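Colleague: Please take one helix of this model and go through it closely. I would like its place in the chain, its partners and its part in any binding site, with the cut-offs stated.

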Amino acid sequence: MPEVASIRSNDVIPEKPRSKKPGAEKHGAEKHGAEKRGQDKPRPKTEQKEKKSTDKSVIEARRALHAIENYSFRTPLLVLTIVLLILWGFIARPEEYLTAEDGLGYALGIIGGTMMLLLLLYPVRKKIMVGKYLGTVPGWFKFHMFCGVFGPIAVLYHSNFSLGSLNSTVALMCMIVVATSGLFGRYFYSKIHYGLYGRKASLDELRGIIESEEHQLAAAYKLIPDIAETLKDFHRQASMQVSVGESFKRFFSLGFKLRVASLTLPGELRVALRAHGQKAGWSEKQTNKNYRILKKHIRSLLHSVIKTCEFSVYERLFSLWHLFHFPLFIMLVISGIVHVLAVHMY
Ligand code: HEM
């Protein structure tokens, strides 16, 4: 049976990629890769370079994945503010504080419309990479989403949450559909990137993270054979090449099992480690420490497997979304122009 030291010695993926001196001992995934290939065979330089950059990208991807696990209250707070703003405007509608024709109501129409024009700077900045002087792409993306949410809210206040003539009703509906579609796009986007402002993920990187976590857990797997079997089975199922229909089925069935497992496995791990710790004479402190280390790797492994199993589905949904979003946006532009011309003509 492996003892505490073997669990700890296996926890070697460095948080930062360490600079390696020639001949220095290799760590984690890199060491594992080298062992598999055979240490004594000299590798061609190009292969070594490729391997190094793959390891580096896996380490970076793993760090990015951990970073998005950190829960932030910012998004729920923002969602709450938006919901309250819409609810308040809707409830106060009969009071008619604002009118679309003049004063603040008119100004809000101009502000909302201008924000919806300005948000187009994001796709422009993204496609015509005019240079870093114009701000970063994630910065423009944030601006796009801000204008995409608060521009339509300004227009809702401008319309006093009511439908008017046919042209304004069509423009308002198109705006609501496009803004709602944007929210779906935001969700799909975040699923195929490392967070909203992170870079795009790739299946190869995600598989690399799973392999490196499995390597970290290799020695401990002997202490927790049942958990090991479950994790290996999840990995096997998530990496199977399946048809589009099957990938959607797996998205729900395996996704559900994985989420349940991330709730139940820590408890099973604690019980298994306690039992082993008693036999091996571990102190309470040692048992807790090993539990924390293993739990971290198991969570990271499960998270990567979930992301792998969902990745191709979200990638497909996101490209479908792109197909719908753009024509909807064109409809919004046309209906917006018709609306502005119509209201200034009568
Ligand atoms: C009236 C409001 C909005 C308009 C007119 C609008 C318009 C657009 C346009 C023209 C694009 C580029 C489409 C393409 O590349 O095919 C886009 C992309 C996008 N929008 Fe919006 N949008 C609006 C609101 C929102 C909102 C509220 C969100 C999320 C909070 C959002 C999230 C996104 C996302 C995630 C993308 C894709 C980004 C990418 O692929 O890099 N949009 N939007």
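**Helix H8 and its surroundings**

Modeller: Among contacts in the chain with a separation of 6 or more, 81% join residues 24 or more positions apart; a contact means that two C-beta atoms, placed from the backbone, lie within 7 Å. This is a predicted model, in which local features need pLDDT of at least 70 and side-chain atom pairs count only at pLDDT 80 or more, while totals for chains, interfaces and linings use all residues. Residues are numbered from 1 along each chain as its sequence is written.

The chain has 12 helices and zero strands. These are DSSP runs numbered from the N terminus, helices being H or I of at least four residues and strands E of at least two. Of the 346 residues, 25% count as buried.

H8 covers residues 166-192. UniProt, in an unreviewed entry, places a "transmembrane region" at several spans, including 169-189 and 320-342; its positions follow the numbering used here, feature names are shortened, and annotations may be inferred rather than shown by experiment. Residues 169-189 are 100% helix, with end C-alpha atoms 30 Å apart. For residues 320-342, also 100% helix, that distance is 34 Å.

Asn 167 belongs to H8. Asn 167 is classed as partly exposed because 16 other C-beta atoms lie within 10 Å; 20 or more would make a residue buried and 12 or fewer exposed, with C-beta atoms placed from the backbone. Leaving out residues up to four places away in sequence, Asn 167 touches Val 338, His 339 and Ala 342. Its C-alpha is 8.9 Å from that of Val 343, across 176 residues of sequence.

H12 runs over 284-345. A kink of about 40 degrees is centred on Phe 311 in H12, the bend being the angle between axes fitted to the seven residues ending there and the seven starting there. H12 spans only 80 Å between its end C-alpha atoms, against 92 Å for a straight helix of 62 residues; the expected span is 1.5 Å times one less than the number of residues.

Then the ligand. It is surrounded by 23 residues, the closest being Met 145, Gly 148, Gly 182, Gly 185 and Arg 186; near means a C-beta atom, placed from the backbone, within 6 Å. Two or more residues each come from H6, H7, H8 and H12. H8 gives the most, with eight residues.
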